[in-house]
Amino acid sequence: MDVRPTASSPSASRQPAGPVATAKAPPAPSLASDRLATAPIILPLGGRMNAVPMLNANHPEMVQGPGISLSTLPLAGPGHLGKALNGSFEVFVHHNNQSGRDLYQTVVLHNPGPKPVTVHIGPSASFTSDSARYRDRGPKAGLDPRGQFVSGPGDATASALLRGDRAISAEHLVLAPGEFKVLHTKRFGTGKEVTSQYRLVSEGPVHAAVLVERQASTAASAEATLRQGKLLVRNPADKPPTPPGGKGGELVYGRASGVQEGARYEASLRTDAQDGTFTLPHGRFERSYVLNGQRGNSLGTGDVQVADLSLRYPDAAYQAHGNYGVEYRIQVPLANRGESPREVALYFDSPGKPDKLSRAFRGTVAVDLTDAQGQVTTRYVHVSQKRGERGDAPLATISVPPGEIRSVQVRLVYPANATPPHALRLQGL
């Protein structure tokens, strides 16, 4: 049976002249050679990105001094994108301090309207390379229920979000009419990275901004910085991103800086359209599905899963090619139609040609297992892989009795400093 689902990079160099709105475009053909995976054949994952907006502030990655990283405020000048946020939205930030002195990363909320607005604060995390040091590990996946194996701030932040942790003790903020309020501020030393992510729900229109300052921000200092309108200095060595639909030449992804369409990617692996299950083939089998397929490298599947930036600065990426901070939720309803018990092992792989990167992935994968009584058990597994490595230890092994279905969900928040694509492999034993 052919089992198929039914359903980091250089940045730009030009100084921005103002916010640019871009319409959602269909996936563009590859510009660079779309590298095929080594055996077995990789299949499309299918699925879709949700519509929750995410503020993505990763441009410039290397910060030389203070300024605005990203602002959706309705102020004049090229530093502000002028977009109101209402309902669920997220903020993702990743920077590296190359200024020669300590800096502070700050997230600010602003209510320009005539009525108070309440913003509810969900899972959140913020780590630096001091609080989450890089630690090299071998490729073997390891159980990590408490996040002890995390390596680097991107990994630590993603792991905390996946577990539902909170870096902010307050459950909500109330913004008075016209008020600026600091959501969170984080010091990061020179030569250090910082990664932060926040899940928020607003009961009315608000605006958000990410600042880098030389001292811990107050509402007054943040407002002054925003009204000055000075963007962070871009790296002059960065290259302009390749527009969607561009053909020929080098494919330059660019660094993301803007509002992306989507914070969660959902998919379901199923082979039976009638009951929506993944029917186990007879005998031993192996199937792999692309995770975080990119334009130019979808492991030969054509399944490009990146989020579009609907609003961006002119020198920033058109798409969030790394999907940093995006949560993947993959349903795998395993159905055993045979007369004997079956076992299925799940693996995480990083297929492709080995490259110079020390690690293609450092991150935590959660596997939610539902038993016959409907009880859910979650396994948190830390994965550390180079490009070209296949997982040599399973994320989980699921026993499926004859005539029964076992529901499995695979979740991960894609961490900063990882390099897609990857693959989820199912192996029938």
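These legends walk through a predicted model, one close-up at a time.

**Figure 1. The whole chain, before we zoom in.** To get your bearings, start with the full chain, which has 2 helices and 27 strands. Its C-alpha trace spans about 70 × 50 × 40 Å along the principal axes. A compact globule of 429 residues would have a radius of gyration near 22 Å, and the chain agrees with that, at 22 Å. Buried residues account for 56% of the 429 residues.

**Figure 2. Strand β23 and its pairing partners.** Here we look at β23, residues 376-385, which pairs with β10 (residues 142-143) in the antiparallel sense over 2 bridges. Strand β22, residues 361-370, also pairs with β23 in the antiparallel sense, this time over 10 bridges. Pick out V381 in β23: L143 stands opposite V381, and V365 stands opposite V381 too. Between β22 and β23 the hairpin has 5 residues, and G374 in this hairpin takes a positive phi near 85°. As a reminder when following such strands by eye, side chains in a regular strand alternate between the two faces of the sheet.

**Figure 3. A buried salt bridge, E61 with R255.** The structure holds 18 salt bridges, and this view shows the one between E61 and R255, with the closest N and O atoms 2.7 Å apart. E61 sits in the loop between β4 (53-57) and β5 (62-63), while R255 sits in the loop between α2 (219-228) and β14 (257-261), so the pair ties together parts that are 194 residues apart in sequence. Are these two residues buried or exposed? Both E61 and R255 are buried.

**Figure 4. D136 and R359, a link between distant parts of the chain.** The side chains of D136 and R359 meet in another salt bridge, at 2.9 Å from N to O. D136 belongs to the loop between β9 (117-128) and β10, R359 belongs to the loop between β21 (342-350) and β22, and the two residues are 223 apart along the chain. The partners sit in contrasting surroundings: D136 counts as exposed because its relative accessibility is 60%, whereas R359 counts as buried because its value is 7%. More generally, side chains of opposite charge can pair when their charged atoms come close.

**Figure 5. A salt bridge along helix α2.** This one stays inside a single helix: E223 forms a salt bridge with R227, and the closest N and O atoms are 3.0 Å apart. Both residues lie in α2, 4 residues apart, which is about one turn of the helix. An α-helix has 3.6 residues a turn, so residues three or four places apart point the same way. E223 is partly exposed, at 26% relative accessibility, and R227 is exposed, with a relative accessible area of 52%. Elsewhere, salt bridges that share partners join E90, R199, E327 and R329 into one network.

**Figure 6. The two sides of helix α2.** Stay with the same helix, α2, and ask which of its residues are buried. They are A222, T225 and L226. Seen down the axis of α2, these buried residues fall within an arc of 100°, so they line one face of the helix. What covers the buried residues includes β6 (67-71), β8 (103-110), β12 (180-188) and β13 (193-213). On the face turned away from the buried side, α2 carries the exposed residues A220, R227 and Q228. Just after the helix, G229 takes a positive phi of about 75°.

**Figure 7. R234, an arginine in the loop after α2.** R234 lies in the loop between α2 and β14. With a relative accessible area of only 4%, R234 is buried, because buried means under 20%. Where does the side chain of R234 reach? It comes to the backbone oxygen of H59, at 2.8 Å.

**Figure 8. A170 alongside I121.** For the last stop, find A170 in the loop between α1 (153-163) and β11 (172-175). A170 is partly exposed, at 29% relative accessibility. A170 and I121 are 49 residues apart along the chain, and their C-alpha atoms are separated by 7.1 Å.

Conventions:
Residues numbered from 1 in each chain as written. Predicted model: local features only at pLDDT ≥ 70, side-chain atom pairs only at ≥ 80, totals over all residues. Heavy atoms only, no water. Pairing = 2+ DSSP bridges. Salt bridge = Lys/Arg side-chain N within 4 Å of Asp/Glu carboxyl O. Buried < 20%, exposed > 50% of the residue type's maximum accessible area, 1.4 Å probe, protein only. Polar contact = N/O pair within 3.5 Å; in protein donor to acceptor, adjacent residues only side chain to side chain. Arc of directions from axis to C-beta. Contact = heavy atoms within 4.5 Å. Rg over C-alpha atoms; globule rule 2.2 N^0.38 Å.
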